[in-house]
Amino acid sequence: MSVAAGLFVSFEGGDGAGKSTQVRALADWLTGQGRTVLLTFEPGDTELGRTLRAAVLHGEDVDPRTEALLYATDRAHHVASVVRPALARGEVVITDRYLDSSVAYQGVGRGLGAQTIEQLSLWATGGLLPDLTVLLDLDPTAGLARITREPDRLERGGDEFHATTRQAFLDRAAADPGRFLVLDATRPVADLAAQIAQRVGQLLAR
Ligand code: TYD
C-alpha cells in the first residue's frame with residue numbers, strides 16, 4: 001500500500017554497493033526537476049533511531065530476534081514520524097535501505113524466515129511498501145573491499161552470510177519485478193544514475 005500523494009523510493013543492496021552515491025544523484029536530479037525531496041536512511045534517521053542504530057551496529061552482541069526487533073522498531077518510528085508525513089505533503093521520499101534489508105539480513109541471513117520478517121516490517125509500518133526499490137547488485141567481496149572504515153556488526157557477518165543476503169535480495173526482486181529495478185553496481189556511476197532517473201521519471205509522469 002503506498003501513500004497516494006508522494007512517491008516512495010528505496011535503495012537496497014550489499015554494503016559498499018554505492019547506494020549513497022546513487023541516492024544523492026537521484027535527489028539532485030529530482031530537485032532539478034522542481035520536486036521536493038526528502039532524503040533519509042535506515043537504521044537511525046531519527047533521535048530514537050540513532051540510539052537503536054548504535055545498539056544494533058556497535059553495541060553488545062544480540063541474538064537474531066532482538067536484532068530483527070531493533071530494526072523493526074527503528075522502521076516503525078521512522079515511517080510514522082518521517083516517511084508518512086513527507087509522503088502526505090506530496091514529497092518524493094528516498095530512503096537508503098528499507099524493509100527488504102530486514103528480509104535479506106534478518107529473514108534469510110540470520111535464518112528467521114523471509115515471510116516472518118516481512119510480516120513484522122509490514123506490521124511495524126502499517127503496510128507501507130515503496131513504489132520503487134532500486135537494488136544495486138554487487139559481489140559482496142567487491143562491496144566489502146570498498147569499505148575503508150571499521151566494519152560494523154553486520155559487515156563482520158562473513159562470506160557465506162553476505163553471499164546469502166545477496167541472493168535473498170535478488171530472489172525478492174525476481175518475485176516482485178514491478179516494484180524492483182535491479183542494476184549491476186559495477187556499471188559506471190553516471191549510467192546507473194541515468195537508468196534510475198528514467199524509471200523514477202516514468203513513475204512521476206503517471
Ligand atoms: P547502512 O547504514 O546502510 O550501512 P552501509 O552504508 O554500510 O550499507 O546499514 C547498516 C547495516 O545494517 C548494514 O550492514 C545492513 C544492516 N541492516 C540490516 O541488517 N537490517 C535492516 O533492516 C537494515 C535497514 C540494515
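**Group meeting: helix packing, the sheet and a few residues**

I'll start with a crossing: α4 passes α5 in a right-handed sense. Keep in mind that this is a predicted model. Two packed helices are described by the angle between their axes and the distance between the axes. For helix α4, residues 99–109, and helix α5, residues 114–125, the angle is about 140° and the axes are 8 Å apart. On the α4 side, the residues in contact are L99, S102, V103, Q106, G107 and V108. They meet A114, I117, E118, S121 and L122 of α5. By class, that contact has six nonpolar, four polar and one charged residues.

Helix α4 also packs on α3, which covers residues 64–88. Here the axes come within 11 Å and cross at roughly 180°. An angle over 145 degrees counts as roughly antiparallel, so α3 and α4 are roughly antiparallel. From α3 the contact takes E67, A68, Y71 and R75, and from α4 it takes L99, S102 and Q106. The classes in this contact are three nonpolar, two polar and two charged residues. L99, S102 and Q106 of α4 are also listed in the contact with α5.

Next, the sheet. How many strands form it, and in what order? Five, in an open sheet ordered β2-β3-β1-β4-β5, with parallel pairing. The edges are β2, at 37–41, and β5, at 180–184. Each has a single partner strand, so one side of each is left without a neighbour in the sheet. From one strand to the next, the twist averages 20°. Take one pair as an example: β1, residues 7–13, is joined to β4 in the parallel sense over five bridges. G13 has L136 of β4 as its bridge partner.

Two helices lie across these strands. Helix α1, residues 19–32, lies across β1, β2, β3 and β4, and runs at about 170° to β3. Helix α8, residues 189–205, lies across β1, β3, β4 and β5, and runs at about 170° to β5.

Now some single residues. H78 sits in helix α3. Is H78 buried or exposed? Its relative accessibility is 1%, so H78 counts as buried. Leaving out residues up to four places away in sequence, H78 touches T40, F41, E42, D45, T46, V83 and T95.

One of those contacts, E42, leads to the next point. The peptide bond from E42 to P43 is cis, with omega near -5°. P43 is in the loop between β2 and α2, the latter being 47–58. As background, most residues other than glycine have a negative phi, and most peptide bonds are trans.

The phi part of that applies to R97. This residue is not a glycine, yet its phi is positive, about 80°. R97 belongs to the loop between β3 and α4. With 12% relative accessibility, R97 counts as buried, because the cut-off for buried is under 20%.

Last is L128, in the loop between α5 and β4, where β4 is 132–137. L128 is buried, at 0% relative accessible area. How far apart are L128 and V79 in sequence and in space? They are separated by 49 residues in sequence and by 8.1 Å in space, C-alpha to C-alpha.

That is the end of my list.

Technical notes:
Residues numbered from 1 in each chain as written. Predicted model: local features only at pLDDT ≥ 70, side-chain atom pairs only at ≥ 80, totals over all residues. Heavy atoms only, no water. Axes fitted to C-alpha atoms, helices over the stretch in contact; angles between N-to-C directions. Helix = DSSP H or I, 4+ residues; strand = E, 2+ residues; numbered from the N terminus. Left-handed = near helix turned anticlockwise from the far one by under 90°. Contact = heavy atoms within 4.5 Å. Nonpolar A, V, L, I, M, F, W, Y, C, P; charged D, E, K, R; others polar. Buried < 20%, exposed > 50% of the residue type's maximum accessible area, 1.4 Å probe, protein only. Parallel < 35°, antiparallel > 145°, perpendicular 65-115°, else oblique. Pairing = 2+ DSSP bridges.
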